[in-house]
Number of protein chains: 4
Amino acid sequence: MNQTNYRIDNLGECRIPSPLTSLVAGADEEARIMLDPILKKGQVNHQEPSSLELSGPRRKIFFTPEKTRAAIITCGGLCPGLNDVIRSITMVLWYRYGVRNILGLRYGYEGLNPDFHHNPIQLNPDVVEDIHQKGGTILGSSRGPQDVGVMVDYLQEMQIDILFTVGGDGTQRGALDLVEEISRRGAKIAVIGIPKTIDNDISCTERTFGFQTAVALSQPSIDSAHMEAKAVRNGVGLVKLMGRDSGFVAAYASLASSDVNLLLVPEVSFSLPKVMHFLEERLKQKSHAVIVVAEGSGKELLPPDGQDASGNEILGDIGVFLKHAIQAHFRQNGRPVSVKYIDPSYTIRSARANADDSVFCFRLAENAVHAAMAGKTGMVVGLWNGHFVDIPSIEAVRQRKKIDPSSSLWTSILDNTGQPDLI
Amino acid sequence: MNQTNYRIDNLGECRIPSPLTSLVAGADEEARIMLDPILKKGQVNHQEPSSLELSGPRRKIFFTPEKTRAAIITCGGLCPGLNDVIRSITMVLWYRYGVRNILGLRYGYEGLNPDFHHNPIQLNPDVVEDIHQKGGTILGSSRGPQDVGVMVDYLQEMQIDILFTVGGDGTQRGALDLVEEISRRGAKIAVIGIPKTIDNDISCTERTFGFQTAVALSQPSIDSAHMEAKAVRNGVGLVKLMGRDSGFVAAYASLASSDVNLLLVPEVSFSLPKVMHFLEERLKQKSHAVIVVAEGSGKELLPPDGQDASGNEILGDIGVFLKHAIQAHFRQNGRPVSVKYIDPSYTIRSARANADDSVFCFRLAENAVHAAMAGKTGMVVGLWNGHFVDIPSIEAVRQRKKIDPSSSLWTSILDNTGQPDLI
Amino acid sequence: MNQTNYRIDNLGECRIPSPLTSLVAGADEEARIMLDPILKKGQVNHQEPSSLELSGPRRKIFFTPEKTRAAIITCGGLCPGLNDVIRSITMVLWYRYGVRNILGLRYGYEGLNPDFHHNPIQLNPDVVEDIHQKGGTILGSSRGPQDVGVMVDYLQEMQIDILFTVGGDGTQRGALDLVEEISRRGAKIAVIGIPKTIDNDISCTERTFGFQTAVALSQPSIDSAHMEAKAVRNGVGLVKLMGRDSGFVAAYASLASSDVNLLLVPEVSFSLPKVMHFLEERLKQKSHAVIVVAEGSGKELLPPDGQDASGNEILGDIGVFLKHAIQAHFRQNGRPVSVKYIDPSYTIRSARANADDSVFCFRLAENAVHAAMAGKTGMVVGLWNGHFVDIPSIEAVRQRKKIDPSSSLWTSILDNTGQPDLI
Amino acid sequence: MNQTNYRIDNLGECRIPSPLTSLVAGADEEARIMLDPILKKGQVNHQEPSSLELSGPRRKIFFTPEKTRAAIITCGGLCPGLNDVIRSITMVLWYRYGVRNILGLRYGYEGLNPDFHHNPIQLNPDVVEDIHQKGGTILGSSRGPQDVGVMVDYLQEMQIDILFTVGGDGTQRGALDLVEEISRRGAKIAVIGIPKTIDNDISCTERTFGFQTAVALSQPSIDSAHMEAKAVRNGVGLVKLMGRDSGFVAAYASLASSDVNLLLVPEVSFSLPKVMHFLEERLKQKSHAVIVVAEGSGKELLPPDGQDASGNEILGDIGVFLKHAIQAHFRQNGRPVSVKYIDPSYTIRSARANADDSVFCFRLAENAVHAAMAGKTGMVVGLWNGHFVDIPSIEAVRQRKKIDPSSSLWTSILDNTGQPDLI
């Protein structure tokens with residue numbers, strides 16, 4: 001992973017604008033950050049460790065700001081911070097580099113396909129001034145890809161020099177296809193990704209934007225589940241949270257609440273009888289229980305919910321499944337329970353970013369602009385060991401980041417919930 | 001409705017404790033408030049208008065504080081403010097009257113039935129100090145009645161002098177049964193109701209506690225629906241809010257948001273084709289729409305969802321029904337829409353009261369205590385034309401308060417949403 | 001007070017636009033609401049009671065919507081809800097009446113004085129769409145009057161037909177001067193006030209916008225004072241809240257919190273030695289205390305803080321004064337206390353309206369528009385006994401509404417804080 | 001810094017309790033984390049890099065849980081998360097190790113001095129259940145040290161085996177004195193620090209609890225300053241935030257807001273004339289400005305505000321100073337400005353922790369317990385490169401962590417505010 005990020009070309013001769021010059025005065029542009037800073041007893045390392053390139057402004061930049069046209073798209077489901085990212089990219093391009101031609105393309109990759117007749121929005125500081133105070137995305141979004149050739153045609157026709165793709169791993173895979181086609185044509189267009197996954201499951205970045213907001217906004221639902229569970233005899237509060245493949249939101253939300261008695265995540269298998277046994281014991285002792293389940297948990301337990309257009313099985317909803325399974329189990333036991341099920345998903349996804357995520361979005365977007373202006377491409381920005389880094393997109397999408405059940409995070413979960421092994 | 005509230009007996013000779021004496025110095029204990037303060041042109045009224053008794057401390061009280069034992073129960077679903085009411089009753093009994101024997105009975109009317117073996121909680125200022133900062137009810141709740149004879153036996157056995165019943169109209173009907181049986185036995189037990197309905201649909205009180213909190217807490221869901229709807233082409237945000245028979249929560253929540261395009265409430269009929277037509281027009285113009293529906297709306301449209309234990313038909317869920325109906329309609333039209341459906345019910349019901357409701361809860365509870373100590377019974381406390389009033393329970397449960405489609409409230413809804421007639 | 005509100009003229013022949021027609025179908029346009037709906041024992045009333053005119057749309061309107069130009073100004077200090085009012089006036093004028101010419105004048109009455117060269121903002125639904133989600137006022141504000149002749153010249157020159165004045169009693173007095181001058185000139189310009197006072201101290205309206213938000217937003221400060229006071233031995237938390245002449249914000253904020261031990265308001269005198277004595281007792285028993293003081297309290301105790309430009313004495317700050325007085329008293333006593341003083345004023349004034357105030361703002365503004373279009377003038381809109389009313393401005397500014405120490409509100413304060421008489 | 005943390009002694013023979021055994025199964029107890037994971041071009045490192053010991057449960061523990069008595073103190077000013085830490089220490093000791101004897105000592109180090117007659121609180125899961133939902137500290141706090149001999153006498157007399165000291169660098173220095181005296185006496189008492197500084201200025205930990213909450217809770221004040229500034233011509237909103245020596249809170253709060261035009265921190269000097277010049281330009285262009293100043297900024301500009309008991313000069317308040325300086329400057333210029341000054345300090349310090357800090361507090365406290373039970377002493381827990389670490393106290397208090405003006409954080413500030421060099 002020590003390869004340098006893709007570059008459009010050798011660096012041009014354009015120099016960084018004066019307001020930025022002071023910022024890079026003493027910077028070591030070739031410094032890198034180790035992937036793994038752990039020292040193990042007796043371990044000797046003779047190879048250069050895997051590392052990532054540090055983000056930041058560069059002395060020489062590739063694009064001439066006054067001639068540059070940049071564009072932004074937002075793809076996939078909503079995530080707190082999208083408008084922060086759009087705003088920050090616009091502000092840094094405008095004020096720090098002097099770029100005056102910034103387009104907001106509408107509805108994700110559809111905005112690069114002229115067949116949809118979506119008119120781009122001209123972005124400038126006035127347009128974006130207050131957008132970070134609202135959830136959603138002012139550009140709109142869509143799911144799925146468009147034809148690569150059509151999109152590169154559009155980029156060339158519109159004379160777009162830089163494309164910022166804000167989206168999840170599907171989006172960044174799509175961006176890599178664009179990079180390849182652009183490169184094949186010998187065009188000089190930078191494609192820079194800002195990874196967007198509320199699940200925080202992208203590799204090589206310890207954090208994605210919206211995640212901390214999601215953890216914070218999960219709290220009222222867990223509180224409600226707790227209050228509802230305590231208000232009746234044998235009350236069970238059940239909350240489903242985001243997390244298709246990785247249970248980070250559910251895990252941190254549970255730790256933050258400290259009122260969760262059982263956490264189920266995709267990374268740690270569980271048997272239904274063990275869950276029921278645990279619940280029985282808990283209700284005997286305390287007469288109420290709170291369960292948090294990540295949406296991708298227990299896939300093996302779910303009956304398929306029909307097939308989608310491509311013939312793939314659609315999985316049912318683990319939250320609804322568990323609710324019914326618990327009700328049925330205790331009804332059979334002759335000790336009926338009252339299950340209150342809460343699914344706050346949309347309310348969380350469409351919220352504005354909290355303060356912590358707003359800071360993170362700004363710094364991500366800022367570094368995405370620095371990378372783009374320096375002529376990098378085929379990369380995403382991220383955070384590693386507290387430093388902003390430029391990550392080759394190919395590494396970022398290689399595999400998902402997951403909770404390691406032998407990690408100190410999972411230890412904290414067990415310490416916090418007191419839950420036993422459920423296998 | 002001008003009858004005096006039921007009283008246990010003629011007023012005793014016990015005098016109000018000294019810290020309260022100053023409060024009632026100049027009070028007119030027989031003042032009443034008119035039900036209808038509207039003057040119509042040319043209308044002459046020769047009869048004394050209908051009126052309600054004003055709440056407040058009385059110079060002579062029925063119960064001797066140091067010998068009095070009071071008890072509180074909370075019944076039915078959760079509602080913001082339950083703990084405020086419990087706390088306030090306890091505080092006013094303790095500090096203002098010097099009552100030292102206050103029981104919190106567990107799990108609603110079950111707490112009056114010894115078969116359930118629920119142990120009461122001894123309430124005092126230390127126990128209740130911070131409970132208003134949490135949602136739910138520290139006493140627990142249950143639905144439905146218990147045997148009246150058993151309950152009055154328990155009241156007598158436990159030597160309870162005053163019972164505060166915090167609950168909806170079912171609870172207050174149950175309280176009237178208790179009052180009747182108590183009276184038949186010649187016992188001297190006061191039963192005072194604090195009406196609890198998040199729907200704000202109890203007669204003779206312009207407001208019930210928890211309602212304003214519910215309106216406030218509906219806002220994030222409507223905002224989310226709005227953001228989700230705007231984020232895609234042809235997005236429809238659909239929010240179901242409380243309101244079985246009366247749409248006040250949904251109406252005020254829509255007014256507060258000012259982002260709602262269509263409000264459906266139980267009091268105003270609508271035809272599904274008209275709703276679809278309105279949606280079509282709206283999406284053509286604006287490409288997104290926000291709908292708020294009160295849970296009891298459109299009962300006539302819903303297919304029954306099985307039968308309950310008593311053989312009554314259970315109605316389906318209007319929110320889920322509308323979601324599917326809209327999706328199907330536009331799919332058939334060849335112009336598919338994306339419907340995001342949000343049901344925040346539990347999160348609202350289990351929240352703590354907001355500041356406005358905390359004030360209201362305190363003053364309700366305070367006046368409930370004043371009424372109880374004065375020996376009133378078979379009544380609930382409420383607010384009318386800005387004054388706290390003692391309402392005969394029989395009047396309070398006679399019929400539900402509803403939105404009048406010819407009222408200025410409905411005018412405001414039409415002005416705010418711009419929605420047409422849907423019949 | 002039964003005089004009809006001023007009218008520009010006899011009602012014109014213009015008829016209400018069709019979307020509004022249905023709203024007024026069955027309305028009784030001459031219905032009025034009694035000022036005092038209390039019935040006193042044995043009291044016989046042979047006179048017609050004082051009453052106010054009910055607000056609402058009228059069948060005949062004075063202004064022809066398509067030819068009408070309306071303008072809005074916001075004056076004085078910030079108050080939650082200003083943007084809600086601006087937005088609502090614009091929306092109702094636009095969608096309900098079809099008025100297309102709406103000006104937002106800048107910086108209060110300065111906007112009517114061409115010497116300031118403030119350019120008005122053209123208001124329409126796009127401009128105001130999201131402004132209610134922010135505090136402050138998009139129009140800006142200023143304090144104090146401008147020359148009446150200059151302002152009426154401007155109104156005539158700009159062909160403004162309706163002026164909405166959003167401001168406190170100074171602003172509404174200024175509006176009355178405008179009405180008089182307009183009338184003297186025989187001009188046909190309606191001037192409608194929307195009363196703005198966060199203190200809720202305007203006569204004839206039981207509520208002003210921003211008040212409920214202020215009460216709600218006071219809570220974190222009182223909580224903080226409570227936490228800080230409890231964190232140390234002999235801790236005193238002191239919070240100063242809004243209320244120059246009337247202590248409603250401080251009173252409701254204290255009731256909402258239920259953690260306040262002493263409330264000081266302008267309407268109820270207190271002696272400093274009594275306050276100190278109370279504090280001594282409280283600290284002996286509980287080791288901490290929370291005090292809320294309205295800014296206009298204890299004027300007689302304050303040393304003058306210099307003189308203003310006109311030679312009037314400027315009063316010092318009661319919060320700072322009390323802080324120092326308490327510290328000095330207990331230092332002398334040899335039992336030093338730790339006073340934590342919090343003044344949240346700006347944070348509250350500049351916040352956005354909460355849900356309850358947003359509803360209220362919408363309905364106020366809506367009724368202001370109905371009144372204006374019907375050709376009323378020299379009046380403000382308000383709420384009385386739960387009904388929106390048109391109040392002659394002369395009545396609204398005659399005297400301030402204050403807390404009556406013999407009212408049930410003050411009883412509630414005494415019940416809640418447990419504070420004694422301090423005189 | 002590679003020395004092992006102090007230990008009381010060689011590890012005892014006591015084995016970790018069974019619920020914890022699985023947690024440490026595969027752990028490498030001797031793994032360490034590098035202080036600096038940056039790789040510089042061409043740099044070859046032949047020495048072992050500086051590193052810190054990873055936190056976590058250990059296979060062998062020093063104290064026998066059922067015989068262990070632990071105690072907790074909280075010292076210094078309030079900080080969000082104190083109750084989370086108290087709760088988490090109690091919960092992990094109780095449920096994970098089976099320790100049943102846990103004391104909450106009152107009012108900081110005073111609680112270790114019997115002369116104050118503060119009675120300790122017996123802590124258990126019931127007592128601490130909900131305390132994390134409130135700000136402040138249930139134990140109370142005080143500033144300053146007590147006599148070391150007296151405190152160690154008390155620890156021995158009370159047979160306390162483990163003391164958790166939650167406090168800032170003064171507190172941790174005091175803890176080191178205790179460790180020394182304990183060691184001199186050959187006593188077996190572990191002293192483990194949990195660093196508390198809302199300013200986030202302790203070395204060797206990238207984060208301290210309460211910091212993220214402080215950043216989040218600064219937002220309403222900055223918003224208010226922004227709204228107030230925009231509401232008038234030439235409005236200046238000025239917010240003072242925490243930060244005696246390090247401006248992290250002010251810096252992150254400014255980044256989160258994106259509405260700040262000028263940030264002043266202790267680490268970056270500024271001249272008053274340059275500040276005024278910047279303000280003049282800003283007001284000319286935009287007519288309003290928002291300034292955030294950390295409390296320890298511009299010390300060299302402040303006139304002394306008297307002397308304290310020890311004869312040291314007390315510095316004045318930079319916020320108040322700037323407010324007056326700006327007013328005076330522009331009054332002299334003949335272009336008066338309206339400065340609205342906001343100081344939210346207490347409201348932030350006394351708030352409850354947000355979700356992110358609650359997670360962090362739990363994990364800090366958890367690792368503090370693991371360290372204590374393993375017999376470590378003279379250390380504090382912290383976070384480094386995303387891993388929890390045990391830091392020798394002597395390293396943690398050696399010097400303060402500060403904003404490096406050549407760091408990417410300061411670059412972000414300049415990118416975000418657009419402010420120039422002010423020297």
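Okay, let's start with A:Asp169, because UniProt lists that residue under "binding site", in an unreviewed entry, and a cut-off of 20 or more other C-beta atoms within 10 Å makes a residue buried. A:Asp169 has 22 such atoms within 10 Å, so it counts as buried. Keep in mind that what we're looking at is a predicted model. A:Asp169 sits in helix 5 of chain A, which covers residues 169–185. And what does A:Asp169 touch, once we leave aside neighbours within four places in sequence? The answer is A:Ile202 and A:Val397.

Now, how far does the predictor back this up? Chain A averages a pLDDT of 92, and 93% of the residues score at least 70. For the model, the scores are ipTM 0.94 and pTM 0.95.

Back to the annotations. The unreviewed UniProt entry also puts "binding site" on a longer list in chain A, including A:Thr197, A:Ile198, A:Asp199, A:Met242, A:Gly243, A:Arg244 and A:Glu295. Let me pick two of those, A:Met242 and A:Gly243.

A:Met242 is in the loop that links strand 9, residues 235–241, to helix 7, residues 248–257, in chain A. So, is A:Met242 buried or exposed? Buried, because it has 28 C-beta neighbours inside 10 Å. Not counting residues up to four places away in sequence, A:Met242 touches A:Ile198, A:Asp199, A:Ala214, A:Val249, A:Glu295 and A:Ser345. Have another look at that list, since A:Ile198, A:Asp199 and A:Glu295 carry the "binding site" annotation too.

Then there's A:Gly243, in the loop between strand 9 and helix 7 of chain A. A:Gly243 has 28 other C-beta atoms within 10 Å, so it's buried. With neighbours within four places in sequence left out, the contacts of A:Gly243 include A:Asp199, A:Val265, A:Pro266 and A:Glu295. If you're following along on the screen, A:Phe248, A:Val249 and A:Ala250 are also among the contacts of A:Gly243.

Right, on to the strands. In chain A, strand 4, residues 69–74, and strand 5, residues 101–104, run parallel and are joined by 4 bridges. To find that pairing, look for A:Ile72, whose bridge partner in strand 5 is A:Gly104. What do strand 4, helix 2 and strand 5 of chain A make together? They make a right-handed β-α-β unit, with helix 2 covering residues 82–97.

Strand 5 of chain A also pairs with strand 6, residues 121–123, through 3 bridges, and this time the strands run antiparallel. Here A:Gly104 shows up again, with A:Ile121 as its bridge partner in strand 6. As a quick reminder, strands of a sheet pair through backbone hydrogen bonds, either parallel or antiparallel.

Let's zoom out to whole sheets. One open sheet has 10 strands in the order 6(B)-5(B)-4(B)-7(B)-8(B)-15(B)-16(B)-3(B)-1(B)-2(C), with mixed pairing. At the edges stand strand 6 of chain B, residues 121–123, and strand 2 of chain C, residues 38–39; each has a single partner strand, so one side of each is left without a neighbour in the sheet. Inside that order, strands 7 and 8 of chain B, residues 162–167 and 190–195, run parallel with 6 bridges between them. One spot to click on is B:Phe164, which stands opposite B:Ile192 in strand 8.

There's another open sheet of 10 strands, also with mixed pairing, and its order is 2(A)-1(D)-3(D)-16(D)-15(D)-8(D)-7(D)-4(D)-5(D)-6(D). Its edge strands are strand 2 of chain A, residues 38–39, and strand 6 of chain D, residues 121–123, each pairing on one side only. In chain D, strand 8, residues 190–195, runs parallel to strand 15, residues 379–384, and 2 bridges join them. D:Ile192 has D:Met379 as its bridge partner there.

Last topic: how the chains meet. The contact between chains A and B takes 22 residues from each of them. On the chain A side, helix 6 (211–231), strand 14 (338–342) and helix 10 (345–349) each supply at least two residues. Helix 6 gives the largest share, 7 residues. By type, that side of chain A divides into 8 nonpolar, 10 polar and 4 charged residues.

And which chains don't touch? Chain A and chain C have no contact, and their closest C-alpha atoms lie 9 Å apart. For chain B and chain D it's no contact again, with the closest C-alpha atoms 9 Å apart.

Notes: Residues numbered from 1 in each chain as written. Chains lettered and ligands numbered in written order. Predicted model: local features only at pLDDT ≥ 70, side-chain atom pairs only at ≥ 80, totals over all residues. Pairing = 2+ DSSP bridges. Right-handed = clockwise from strand over helix to strand, strands pointing away. pLDDT = per-residue confidence, 0-100. UniProt positions renumbered as here; feature names shortened; annotations may be inferred. Buried ≥ 20, exposed ≤ 12 C-beta atoms within 10 Å, placed from the backbone. Contact = placed C-beta atoms within 7 Å. Nonpolar A, V, L, I, M, F, W, Y, C, P; charged D, E, K, R; others polar.
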